[in-house]
Amino acid sequence: MNKSKSRLRVAGALALSMVMLSACATDSGNEDGNITLRLWTFDQGNADYLEQAVQTYLAENPHLTIEFQGYPDADYVRVLTTAWASDSGNAPDLALIKAYGIVQSFIDNGNLQKLDPADFPELPVFDQKALDGVSDRNTGDLYGIPFTIVTGEIYYNTDIFDELGLTVPKTYEEFIAMLQKIEQTEYVPIVWPSGETVHGAQAADILMNARRGGTEWQDRFLHGETDATDADFVGGLEVIKEVSQYTVDHPQTVTREDALALFSSGKAVTYANGPWIIAQIRRANPDINFASFSMPASPSWPSGTVKPGASDGGVTLSAKSAHPEEAKKLLNWLSTNEPQSIYVNISGKLPARTDVVLEDKIAQQVFDDYLDHGTTQFFTVYTRYGVPSGTDLISEAAERMFLGATPTEAAKGFQDGMDAWFVPMKRN
Amino acid sequence: MKTKMAKSSGAQLNRPPGWLVLLFTAPAFLLFAIFLLGPSISVFVISAFEWRGTTQVGFAGLNNFFQLFDRVPFKHEIPRALGHNLVFFVGVFLLQNSIGLFLAIQLQRFKRARRVLQVIYTTPYLISPLVVGYLWLLLLSPTFGPVNSLLRGIGLDQFALAWLGDPSIALFTVIMIASWQWMGFPVLLYSAALAGMAPELDEAARVDGAGGMKRFWFITLPLMTPVVGTVSILTFISAMEVFPLVYALAGPTGSPAGATDVLGLLFYRTSFQTGLPNALGLSSALGVLMMFLVLGGAFVAKKIFRRIEEGLE
């Protein structure tokens with residue numbers, strides 16, 4: 001009897017210690033006042049950049065520990081959704097989330113804490129498009145602090161330009177003449193990841209944005225005053241079709257790796273893509289000399305030359321954070337120039353703050369161009385709130401044109417898809 | 001009477017007690033319940049509700065299922081993807097059952113090299129379909145791929161095609177790659193079945209003057225029917241669930257222009273890429289549909305092969 005009682009006591013003590021241990025494992029604060037915040041990001045690289053950017057803050061706040069965790073981009077939304085839904089105690093206090101449709105889904109789910117602009121005095125220095133990307137599209141409320149933006153431009157090999165006697169084209173007509181001249185040589189005139197959905201959509205925006213009519217057309221489309229079957233959108237698709245004559249055969253098969261290899265190896269002369277490619281080109285070929293220009297417009301087009309840009313997401317605050325004040329304080333510091341400068345200069349991305357100076361000259365040139373004639377990317381920003389998404393649709397429209405469809409047919413396919421969910425806004 | 005009793009007691013002696021049966025089957029049943037039965041039941045439950053992210057917002061009944069047939073893009077993409085799954089099944093079924101059986105019969109003749117060749121044929125089956133897909137994507141790339149370079153190098157320029165970029169041949173390219181990868185499995189099954197056949201039957205037919213083809217059609221093939229049935233049903237299940245190989249070769253949208261889109265890709269897009277508030281409910285409904293398709297198809301196929309077997313007896 002005594003034996004069984006003592007066994008029960010041992011079992012009870014073990015169970016109690018297990019409960020206490022598990023409580024310690026999930027509680028991110030303790031009696032010493034030390035606090036642990038968890039910050040998750042998509043891509044381990046982003047976690048490393050953020051960790052380097054907050055070193056000063058950690059030195060000034062010795063009671064604080066930040067656990068950085070990066071997840072593969074493809075799994076991130078699922079992992080984050082599950083973590084915030086499970087209430088396991090291991091969910092992040094802060095999370096870097098991609099902009100627009102993705103952050104909106106977390107806002108709609110009630111996972112994020114609304115930020116009061118009055119608490120963030122540095123906000124006026126941010127690019128408005130970057131802030132829009134992490135705001136509720138229905139109410140305009142802010143839910144994150146952006147770090148980077150993405151743009152779209154055409155990179156060119158300066159050595160081959162010199163060799164062929166080419167200059168940066170100022171108009172679309174000069175651009176086509178340049179491609180024709182390159183076609184007469186052994187080089188591929190232009191490449192982009194035309195076989196991939198998101199990158200294909202981004203390249204479509206680079207090539208057709210000005211022909212379609214830039215911001216003014218987008219505004220009319222969003223308010224239901226025109227649609228994708230109009231002459232300007234079809235004209236934009238005609239630009240893609242015309243330019244695709246100067247790329248490799250079967251453009252619908254070109255992957256990111258193919259396009260990068262073609263450009264960095266010096267086989268292709270120009271490359272339509274975003275600023276993240278700068279570091280990748282340098283890694284692939286440290287000796288390559290290159291620069292960038294914005295896709296030039298024709299004088300006959302409804303818009304002049306524009307550089308489409310968009311928010312790349314931002315750091316958001318969990319609605320269930322156990323330390324909301326500490327997390328908000330950190331978020332406030334993250335909005336200042338120092339961490340933002342460190343982050344973009346290490347990562348090679350473009351800043352969301354307009355006063356950040358970039359060490360990379362090509363990236364600074366791209367950013368200056370964006371500040372000079374930037375516009376909002378259409379497909380990434382406005383057409384990813386429903387199914388089928390505009391990025392899938394424009395990518396499929398381009399693929400269909402590569403395979404022989406006319407721009408009018410491709411435009412109709414795009415509009416039919418958008419009609420499934422898109423509801424125009426009302427003008428105030 | 002004595003004989004009956006002896007038989008009965010013998011049967012009782014051979015039959016293990018119930019608690020022992022339960023004890024030995026419990027671990028397997030537990031794993032089955034946790035990893036298969038539980039998720040299968042939960043997907044039914046999830047599909048019957050409306051979701052906002054991972055928060056349940058109300059009972060939907062069959063509404064999620066209706067949406068799959070009413071709503072763009074699902075009402076266009078489900079029939080297209082299902083059609084591709086069925087073409088995929090037919091293609092792989094024909095290739096596996098013809099080439100697989102042919103290889104297995106040839107292996108019976110090469111007794112020395114049999115083991116080595118079986119290992120060679122089976123190796124692709126043991127590699128992850130994602131790895132196989134990405135390898136073939138590189139091999140078939142029109143820009144850098146060695147396959148087209150080789151074809152051009154030997155003067156066969158007209159065969160240097162956009163294997164995965166031309167909608168008219170992309171699905172067939174995927175079928176060829178899947179058949180190549182999975183071939184080892186039917187070869188193993190057919191080899192085992194051939195090895196288990198009584199050689200006297202073949203020898204008797206030979207003595208009676210039957211040629212090679214006659215012996216195959218009237219002796220070997222009928223005896224192989226149960227294995228052909230097993231291979232076909234497993235091929236059907238694999239074809240209806242195919243995902244990683246197609247994802248690696250054609251991306252999440254089944255490019256070019258949806259020419260290789262299958263139900264697995266559609267399920268993945270609906271679950272993880274649409275960003276729809278009710279993605280969980282819709283994708284679960286699609287999962288339930290796929291489950292019924294697989295179960296129903298497998299049931300019908302089993303019935304058909306059972307009838308064929310009965311006809312041969």
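Student: Where does Pro73(B) sit?
Tutor: In the loop between α3 (63-70) and α4 of chain B. Bear in mind that this is a predicted model.

Student: What makes the peptide bond from Val72(B) to Pro73(B) cis?
Tutor: Look at omega, which is near 5° there, and the bond is cis. As background, most peptide bonds are trans.

Student: Which other residues does a cis peptide bond join?
Tutor: Ser255(B) and Pro256(B), with omega about 0°. You'll find Pro256(B) in the loop between α12 (244-250) and α13 (263-273) of chain B.

Student: What is there to notice about the phi of Asp43(A)?
Tutor: Its phi is positive, about 75°, although Asp43(A) is not a glycine. Most residues other than glycine have a negative phi. Asp43(A) belongs to the loop between β1 (35-42) and α2 (44-53) of chain A.

Student: Why is α4(B) called oblique to α9(B)?
Tutor: Start with the angle: the axes of α4 (residues 74-109) and α9 (residues 184-195) of chain B cross at roughly 50° and come within 8 Å. Roughly parallel needs an angle under 35 degrees, and roughly perpendicular runs from 65 to 115. The crossing falls in neither range, so α4(B) is oblique to α9(B). The crossing is also right-handed.

Student: What kinds of residue make up the contact of α4(B) with α9(B)?
Tutor: By class there are 10 nonpolar, five polar and no charged residues. On the α4(B) side they include Leu101(B), Ala104(B) and Ile105(B), and on the α9(B) side Val187(B), Tyr190(B) and Leu194(B) are among them.

Student: And over in chain A, why is α9(A) called roughly perpendicular to α18(A)?
Tutor: Helix α9(A) and helix α18 (residues 390-402) of chain A pack at about 75°, with their axes 8 Å apart. An angle of 65 to 115 degrees counts as roughly perpendicular, so that is the word for α9(A) and α18(A). Thr197(A), Ala201(A), Ala204(A) and Met208(A) of α9(A) meet Thr391(A), Asp392(A), Ile394(A) and Ser395(A) of α18(A). Sorted by class, this contact has four nonpolar residues, three polar and one charged.

Student: How do you know that β12 and β13 of chain A are edge strands?
Tutor: Each pairs on one side only. They belong to an open sheet of four strands in the order β12-β5-β10-β13 (chain A), with mixed pairing.

Student: What makes β5 and β10 of chain A a pair?
Tutor: Two strands pair if there are at least two bridges between them. Strands β5 (residues 148-151) and β10 (residues 307-311) of chain A have three bridges, in the antiparallel sense, so they count as a pair. Ile149(A) stands opposite Ser311(A) in β10(A). Helix α9 (residues 197-212) of chain A packs on this sheet, touching β5, β10 and β13 of chain A.

Student: How do you know that the side chains of His373(A) and Ser294(A) make a polar contact?
Tutor: The contact is 2.8 Å, and a polar contact asks for N or O atoms within 3.5 Å, one able to donate a hydrogen and the other to accept it. The distance fits, and the two side chains are joined by such a contact. His373(A) is in helix α16 (residues 361-373) of chain A. Besides Ser294(A), His373(A) touches Thr305(A), Val306(A) and Lys307(A), leaving out residues up to four places away in sequence.

Technical notes:
Residues are numbered from 1 along each chain as its sequence is written. Chains are lettered from A and ligands numbered from 1 in the order in which they are written. This is a predicted model: local features need pLDDT of at least 70, side-chain atom pairs count only at pLDDT 80 or more; totals for chains, interfaces and linings use all residues. Side-chain values use heavy atoms; hydrogens and water are left out. Helices (H or I, at least four residues) and strands (E, at least two) are DSSP runs, numbered from the N terminus. Contact means heavy atoms within 4.5 Å. Axes are lines fitted to C-alpha atoms, for helices over the stretch in contact, and angles run from 0 to 180 degrees between N-to-C directions. Angles under 35 degrees count as roughly parallel, over 145 as roughly antiparallel, 65 to 115 as roughly perpendicular and the rest as oblique. A crossing is left-handed if the near helix is turned anticlockwise from the far one by less than a right angle, and right-handed if clockwise. Ala, Val, Leu, Ile, Met, Phe, Trp, Tyr, Cys and Pro count as nonpolar, Asp, Glu, Lys and Arg as charged, and the others, Gly among them, as polar.
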